[in-house]
Amino acid sequence: MKKITNILFSMQIMGTLILLFAFSIGTATFIENDFGATAAKAIVYNATWFNILLLILTVNLIGRIIIGRMYRLKKLPIFIFHGAFIIIIAGSAITRFISYEGMMHIREGSISNTIMSDITYVDVDIVDGESFSKSSSKVFMSVLTPGAYGEKIKINNKAYYFKSVKYIPSDRKNNMMNAMVVEISKGDMVKKVVLSGGKGYTGKKNVFEFDGVNVSMTYGAKEIALPFSLKLLDFQLERYPGSNSPSSYASEVELIDSRKNLNRDYRIYMNNVLNYGGYRFFQSSYDSDEHGTILSVAHDYWGTLFTYLGYFFMTLGMLLSIFMPNTRFAFLGKMLKKASENGNTLKAVITIIVFSIAIGASAQNMHNTVSEIPEITKEQAEKFGQLVVQSHDGRLEPVNTLSGEILRKVARKSSLNGLNPDQVFLGMMTNPLNWQLVKMIKVSHPELKKIIGIDGKHASYLDFINLSNGKYKLSKYVSEAYEKKPAMRNKFDSDVLKVDERLNICYMVYEGDMLRILPDPFNSHKPWYSPESNIGNMPQEDSAFLKTILPAYFSALSKGNNSKADALLAGIADYQKRYGASILPSENKIKFEILYNKMLIFDNLSKIYGILGLFMIILLFIEMFKPSKWIKYVVNFFIVLVVIGFIVQTFGLVMRWYISGHAPWSNGYESMIYIGWVTLLAGLLFAHGSKMTIAATTILSSIILMVAHLSWMDPEVTNLVPVLKSYWLTIHVSVITASYGFFALSALLGLLNLILMILKSGKNVSKMDLKINELTAINERSIIIGLYLLTIGTFLGGVWANESWGRYWGWDPKETWALVSILVYAFIAHMRYLTGLKSKFTYNFATLISLGVILMTYFGVNYYLSGLHSYATGDPVPVPNFVYYSIATIIVVAVWAYYKDVKIKVRS
């Protein structure tokens, strides 16, 4: 018994199970890509063998906790986050076997107390005289599992066997049902029947007689009754002005619970969930006539509770394992402190190489050819930018802020063809026809580019219009995307909605609708007016001023009459001060905000820190082999520049605090710039004279500010409330992206160690082994941090998904490959316990090749697999040639390093 226990709970079994788990779910994503999500669930995710695999893995984990006595106080962090995974698995088991999901469809004025199940069933009713037998079985039918259904039903001592023998998938374009052929048998008697239905359909009842009994069968979703009802009072869909594209939609419902004599009104819209009686209702989609709503419903209170509890303890344990003294991470840190500075220098060198490559790869250089557009002078644009405008969320800000947000949102640039945001914004309103020809609307998806008919990264407004019939080229795709529930939208759908939003923002700018610049003369707290606003009941003089002042200003500018334009602009400024004085920001605050906008403090510092860190590390690397006083002086000078940059960074945070009126950590962008500031502060305070520490934290601060820049480049400038506008999503993406940097660092450290093994000789073996040991320790620390960040980031994505559409895990290819990455790196982190895998060569080789799963998660899923995050719409993109060359190079280096490493060990 003890021998069996030792085997079952061994680290070798654990490692095997982890890799088998990773391989299984990775394979499932390819099955889904070729045969559909149902096939992947039938063969892997919902298969009995897969549940058994997870059970054995859980038992092994519990056994490892007991055998390793992780419950001791000195191992508390390890115990907490290993135990957290047991809680997460328990929560997922509750979700898998007890909880359920469905869809509720309600028409305006109607009441519903039933949902359509997300899972399909085969229901059988048999009547034999006065006897009755009933059966209901879950089934996952697919082209790969035509025999997924089978059962035996007894009635009056007679046994009838039912089994599926064929599956016929539907053609979704014709809105047809799926079909399955079922064979019924009793002894020598056999009958085949066809059942139509499938996911999303209640199924068509098939009634027939067999062997003297009456049989009724259906295949499809099941209606599930709720203990209360919802009445749809009104479905509201808002569209962009002058456009057919939805900007947001919501359901006004009345909750009716006769058990409690309760009648209460609620409003359901994206990221605003109705939570009642253990059920959560999410706005999913709507009827094409806009008089009906489709709500996604989840009943998973306990599964979610356990899973979230597991997420909390997992994060707590990981954080404690970094800061407490008796952990592996702390041990590696102590070992590195005893080593020479060479290892730290190499660490910093490789870190900057990784991220300088990333910066170079992501840098964009857009030079659109624009001719014959009357240019707004910087002087005129600057004066215009000082006016106050009311943003979509009611904030009063300088026009300069709004123009910057619009340009970043539409073009993903902070300037365009040498023009600043104020010039672009004012030019679009002054000369809309000319600006509609400018290629300034960012388009990323390759399929979208084909549809629009462009080659570059940007399209003009008119590129989206079919000039032969005047129709919007994306109209069909936008409608299709909005008709899908958010959980079912793929990358193409998401990109269509993003581009559609950019296009509609441009339309609103051309029409002047974004420029809510004139306060109500009788109540400044009311929404301010734009040239396109409905003025309503107002004295003729005021109404005429509001309607004509801005068009007159734009006309004067377009005709080059600058003196008249200046006079009209002064009139607008006076009007704002006269009727909006009680709520206008102070002139100092306006000036500070414009100065803040122009300085681009955090964006510029991210680049400056990167450059300073690069030069510092290169010089320190040179000094390692050839000491020089002038290098020390230059490095000290760079450190002074870093300190000056930190002071400027602090000033930027203070400015943002003053401008916004709140502490600068209220959203994803502010949180990241604040973390970047704290990171550099920690480096400067705790460096204790270590220049490498300052260099490393300078680089890290640069990386953090660059991640923040991604959020800053995609501001929310309309009242659109899509699923992707979520704080959880921002943090999820930021944390996962940061983990990729650590894994890239580990891969390069692994490669460098293999090269050092190749360079080994009898004379330098001791020196090389010392360097390899140091770099391997750094590598292991990097793997630990990367694994923690990836794990936390992945589960934060689950929180976002659950808060957005009620499902914290859906086996989408992107999240599945994120889990594959976690499992692979978890295996690497435990390799030192596995016999035969403890060598430095094996560890470093594993960290090098494991970057492949990260590349698959980041790039491969987008281009080679279908799913919510995918770019794939047809045949996959060919694998670039450099991938094959890279693999060949890695194989050569690895074989050579292994040969030299073994050869040196034999000699010694």
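I take a polar contact to be a pair of N or O atoms within 3.5 Å, where one must be able to donate a hydrogen and the other to accept it. With that in hand I opened the model, which is predicted.

**Entry 1. R107**

I began with R107, which is found in strand β1, residues 100-107. The side chains of R107 and D289 are joined by a polar contact of 2.7 Å; that distance falls within 3.5 Å, so I count the pair. I then listed what else R107 touches, leaving aside neighbours within four places in sequence: L232, D287, H291 and G292 appear along with D289. G292 is 185 residues away from R107 along the chain, yet their C-alpha atoms are separated by 4.1 Å. Is R107 buried, exposed or partly exposed? Its relative accessible area is 32%, so I entered R107 as partly exposed.

**Entry 2. S136**

Next I looked up S136, in strand β3, residues 131-139. Which side chains make polar contacts with that of S136? One is the side chain of D123, at 2.5 Å. Another is the side chain of K222, also at 2.5 Å. Not counting residues up to four places away in sequence, S136 touches Y121 and V122 as well as D123 and K222. I also noted D125, which is 11 residues from S136 along the chain, with 8.9 Å between the two C-alpha atoms. S136 has 36% relative accessibility and therefore counts as partly exposed.

**Entry 3. Strands β5, β6 and β7**

I followed β6, residues 178-186, and its partners. Eight of its nine residues are buried, so β6 is largely enclosed by the rest of the structure. On one pairing, β5 (residues 158-168) runs antiparallel to β6, and seven bridges join them. Within that pairing I found Y167 opposite M180. β6 also pairs with β7 (residues 189-198), again in the antiparallel sense, over nine bridges. The bridge partner of K186 is M189 in β7. How many residues lie between β6 and β7 in their hairpin? There are two, and G187 in the turn has a positive phi of about 65 degrees.

**Entry 4. Helix α6**

I checked the span of α6, residues 301-323. From first C-alpha to last, its 23 residues reach 34 Å, close to the 33 Å expected at 1.5 Å a residue. What caps the N-terminal end of α6? D300 does, with a side-chain oxygen 3.3 Å from the backbone nitrogen of G303. G303 is itself among the buried residues of α6, which also include T304, T307, G310, Y311, M314, G317, M318 and S321. I kept one rule beside that list: an α-helix has 3.6 residues a turn, so residues three or four places apart point the same way.

**Entry 5. The nonpolar cores and α15**

I turned to the largest nonpolar core, which has 85 residues; F281, F384, M440 and L515 touch the most other members. Helix α15, residues 491-511, gives this core its largest share, 10 residues. Another core of 64 residues lies apart from it, with I88, I731, I828 and I854 among its members.

I stayed with α15. Of its 21 residues, 18 are buried, so the helix is largely enclosed by the rest of the structure. Its reach from first C-alpha to last is 30 Å, close to the expected 30 Å. At its start, a side-chain oxygen of N490 comes to within 3.1 Å of the backbone nitrogen of F492. Just after the helix, G512 has a positive phi of about 85 degrees.

**Entry 6. Q649**

Q649 lies in helix α20, residues 629-660. Its relative accessible area is 0%, so I entered Q649 as buried. Leaving aside neighbours within four places in sequence, the residues in contact with Q649 include I601, F602, L605 and Y609, and further along the chain I673, G676, W677, L680, S701 and L705.

**Entry 7. Whole protein**

I closed with the totals. The protein has 28 helices and 20 strands. Of its 908 residues, 51% count as buried. About 42,700 Å² is exposed, and carbon and sulfur atoms supply 60% of that. Among contacts between residues at least 6 apart in sequence, 64% join residues at least 24 apart.

Key:
Residues numbered from 1 in each chain as written. Predicted model: local features only at pLDDT ≥ 70, side-chain atom pairs only at ≥ 80, totals over all residues. Heavy atoms only, no water. Buried < 20%, exposed > 50% of the residue type's maximum accessible area, 1.4 Å probe, protein only. Helix = DSSP H or I, 4+ residues; strand = E, 2+ residues; numbered from the N terminus. Pairing = 2+ DSSP bridges. Core = buried A, V, L, I, M, F, W, Y, C linked by side-chain atoms within 4.5 Å. Expected span 1.5 Å × (residues − 1). Contact = heavy atoms within 4.5 Å. Areas by Shrake-Rupley, 256 points an atom, 1.4 Å probe, with all protein chains shown as cover.
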